[in-house]
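Got a minute to go through a model with me? I'd like to see how each label gets earned.

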Amino acid sequence: MHSASDSSGNREKECSLVQENGTWRRQSHVSQDTTGRVSASKIIESSSQHGLSWTVVSPIVFTYRVVQCDNLLEVGNDTLLWGHLGNREDLKALGRNPLLPVKRFVVIDETVNQLYGPLVIKYLEASHVLYRILPLPTTEENKSMELVTKILEEVHSFGIDRRSEPIIAIGGGVCLDVVGLAASLYRRRTPYVRVPTTLLSYIDASVGAKTGVNFAGGKNKLGSYIPPVATFLDRSFIGTLPRRQISNGMAEMLKMALMKHRGLFELLETHGQDLLDSGFQSSSLDGEDAAAASTRIAIETMLEELAPNLWEDDLDRLVDFGHLISPELEMRVLPALLHGEAVNIDMSFMVYVAHQMGLLTGEQKAQIIQCMQGLELPVWHQDCTLALVQRALRDRLKHSAGSLRMPLPKGLGCAEIFDDIHDDLLCQAYQRWSEELGLRTVTN
């Protein structure tokens, strides 16, 4: 216990918490000789002329696994059922009765279900799992609380153990976000597993903690920060995607490349067309090819940024690059632009802002735009007006503690966050962006 007084006579004492025989008690002093289970939490008691108060300091630690694996739905591969555990012995810690059947509730995007539903059923039945599969139309247009409620009703009807029977989400980013929110609400937090089936969700939505749905015309206005117990990454899903969806996911990879990894930028610049053609399927079993290396680097750089700031307590985030004006643009033209396409249009404009500020040379600006076009991503859109840009940035100020917190590239593979951008500079960058890319886009 630590006690202190200030000049006004207020007193404060800090106590640790120790559990013995199932009961927690405050303890003034903890040492190596202390018996019982010592919590990392503290209770700080303060007294003043107005009375007593207690401040609880309770560190919350989440542990989740991101696992790259092949043949996830192959009979005999138990990763989907048990890969969220460090080992099968962890089942004992959960207190699960081994005599009861294994149960899994699966939410799957309805398009994915048409392609992989029979394989999922075959896998679960071969493992003697008691299951229910719920196919849903998880698109941006219906990413709403209605979908969340539908999942919760079905989960409640099916019945699961909220500690040992994680909900499984199989689909793209919308599916993973919606199921994550439902799981965070059911019994206040039920474990869930993410299986991304798009490139965008593979390297972005699946590796973080955010869940959410659209609300009141805004993107992801309702949500929570609850990570899955595990994410299982199988690149074979990407091989069945339409080419546009693959390009869409490469925007988020390019984001991480521009912010912090020049080597990833060079991989996308050099091998972008080959990756689009191959659907990110590896051409050789020997060594790490461009598909394996680029996805690995994208995930590692994303985790580096997300893990220390899982709840976004720090609002200075490099991963916000491309996400300052894109949410408003995406919702305005829905469903004309995919998420990654809107993000890339945002990044394209910000590249011009960075050039106008002297952070990028003309050659670097042209190199980045050429890379974007090589990845078959849009670099301009007629609905991304100067008024929309200004409105989106005003909204950013409102929700970012009064600072713009704008990540901008400084060369290739490095970046800095800026709190203020003069409106004149923004207008100049917008005019040049529209003159150079708008005319070209309209002409094409």
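What follows is a short back-and-forth on a predicted model.

Q: Why is Leu426 called buried?
A: Its relative accessible area is 4%, and buried means under 20%, so Leu426 earns the label. You'll find Leu426 in helix 14, residues 423–443.

Q: What does Leu426 touch, leaving out residues up to four places away in sequence?
A: Phe349, Val353, Val389, Leu393 and Ile421. A contact here needs heavy atoms within 4.5 Å. On top of that, Leu426 and Leu386 are 40 residues apart in sequence, with 8.9 Å between their C-alpha atoms.

Q: What makes Glu140 and Lys219 a salt bridge?
A: Their closest N and O atoms are 2.9 Å apart, and the cut-off is 4 Å, so the pair qualifies. Glu140 sits in the loop between strand 8 (130–136) and helix 4, while Lys219 belongs to strand 12 (residues 218–225), so the bridge ties together parts 79 residues apart in sequence.

Q: Are Glu140 and Lys219 buried or exposed?
A: Glu140 has a relative accessible area of 12% and Lys219 comes in at 16%. The limit for buried is under 20%, so Glu140 and Lys219 both count as buried.

Q: How do you know that Asp277 and Arg243 form a salt bridge?
A: The closest N and O atoms are 2.8 Å apart, which is within the 4 Å cut-off. Asp277 is in helix 8 (residues 262–278) and Arg243 in helix 7 (residues 243–260), so this pair links parts 34 residues apart in sequence.

Q: Why do Asp277 and Arg243 get separate exposure labels?
A: Asp277 has 53% relative accessible area, and exposed means over 50%, so Asp277 is exposed. Arg243 has 31%, which falls between the 20% and 50% limits, so Arg243 is partly exposed.

Q: What about Arg296 and Glu288: what makes them a salt bridge?
A: Their closest N and O atoms are 2.6 Å apart, again within 4 Å. Arg296 is partly exposed at 29%, and so is Glu288 at 44%.

Q: Which residues do shared salt-bridge partners join into one network?
A: Lys210, Glu312, Arg317, Asp320 and Arg396. The structure holds 24 salt bridges.

Q: Why can Arg162 be part of a positive surface patch?
A: Patch residues need over 30% relative accessible area and no salt bridge. Arg162 has 35%, so it clears the area limit. Arg162 is in the loop between helix 4 (145–158) and strand 9 (167–171), and its patch partners are Arg163, Arg187, Arg188 and Arg189.

Notes. Residues are numbered from 1 along each chain as its sequence is written. This is a predicted model: local features need pLDDT of at least 70, side-chain atom pairs count only at pLDDT 80 or more; totals for chains, interfaces and linings use all residues. Side-chain values use heavy atoms; hydrogens and water are left out. Patches are made of residues with over 30% relative accessible area and no salt bridge: like charges are joined within 9 Å, nonpolar side chains (Val, Leu, Ile, Met, Phe, Trp, Tyr) within 5 Å. Accessible areas come from the Shrake-Rupley method with a 1.4 Å probe; for residues, only the protein chains shown count as cover. A salt bridge is a side-chain nitrogen of Lys or Arg within 4 Å of a carboxyl oxygen of Asp or Glu. Lys and Arg count as positive and Asp and Glu as negative; His and the chain ends are not counted. The place of a charge is taken as NZ of Lys, CZ of Arg, CG of Asp or CD of Glu. Helices (H or I, at least four residues) and strands (E, at least two) are DSSP runs, numbered from the N terminus. Buried means under 20% relative accessible area, exposed over 50%, partly exposed in between (1.4 Å probe, protein chains only).
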